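Trainee: I have a model on screen and would like to learn how to read it. Can you take me through it step by step?

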Amino acid sequence: MKWLLRRCTKCGRYTLRRDKCSVCGGPVRVPHPPRFSPDDRFIKYRYMMMKKAGLIPEDP
Ligand SMILES: [Zn+2]
């Protein structure tokens with residue numbers, strides 16, 4: 001089965017659209033990119049944003 005959901009990199013919402021976010025118009029990505037892909041330059045940035053938003057607990 002193909003993964004249909006995309007996730008907006010801007011607001012973090014899930015959408016079925018493949019071109020852009022239906023809420024804020026931001027770029028969308030498949031929410032489970034290959035973990036070690038050098039293509040995903042946004043992981044670090046997203047991680048920082050999530051950390052800032054309190055979604056990820058601080059490292060010990
Ligand atoms: Zn959005």
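Mentor: We will go through confidence, the fold outline, the sheet, the helix and one loop residue.

Trainee: What is the mean pLDDT of the protein, and where is confidence lowest and highest?

Mentor: This is a predicted model. Where pLDDT is low, the predicted coordinates should not be read in detail. Here the mean pLDDT is 80. Of the residues, 75% reach 70 or more. Confidence is highest in E2, at 92, and lowest in H1, at a mean of 80.

Trainee: Which elements does the protein have, and in what order do they run?

Mentor: There are three strands and one helix. Starting at the N terminus, the run is β-β-β-α.

Trainee: How do I read the sheet? What is the order of its strands?

Mentor: Start with the general idea. Strands of a sheet pair through backbone hydrogen bonds, in either a parallel or an antiparallel way. In this model the sheet is open, with the order E2-E1-E3 and antiparallel pairing. Strands E2 (14-15) and E3 (28-29) stand at the edges. Each has a single partner strand, so one side of each lacks a neighbour in the sheet.

Trainee: How many bridges join E1 and E2?

Mentor: Two bridges join E1, residues 6-8, to E2 in the antiparallel sense. To find one on screen, go to Arg-7. Its bridge partner in E2 is Tyr-14.

Trainee: Now the helix. How many residues of H1 are buried?

Mentor: Count C-beta atoms within 10 Å; 20 or more others make a residue buried. H1 spans residues 43-52, and zero of its 10 residues are buried. The helix is hardly covered. Across the 60 residues of the protein, 7% count as buried.

Trainee: What follows H1?

Mentor: Gly-54 follows H1, and its phi is positive, near 80°.

Trainee: Where is Lys-10, and what does Lys-10 touch?

Mentor: Lys-10 sits in the loop between E1 and E2. Leave out residues up to four places away in sequence, and Lys-10 touches Cys-21, Cys-24, Gly-26 and Pro-27. Val-28 is 18 residues from Lys-10 in sequence, but their C-alpha atoms are 8.0 Å apart in space.

Trainee: Why does Lys-10 count as partly exposed?

Mentor: Because Lys-10 has 15 C-beta neighbours inside 10 Å. Partly exposed lies between the exposed limit of 12 or fewer and the buried limit of 20 or more.

Trainee: What share of contacts joins residues at least 24 apart?

Mentor: Take contacts between residues at least 6 apart in sequence; 10% of them join residues at least 24 apart.

Methods:
Residues are numbered from 1 along each chain as its sequence is written. This is a predicted model: local features need pLDDT of at least 70, side-chain atom pairs count only at pLDDT 80 or more; totals for chains, interfaces and linings use all residues. Two strands pair if DSSP finds at least two bridges between them. Helices (H or I, at least four residues) and strands (E, at least two) are DSSP runs, numbered from the N terminus. Two residues are in contact if their C-beta atoms, placed from the backbone, lie within 7 Å. pLDDT is the predictor's confidence in each residue, from 0 to 100.
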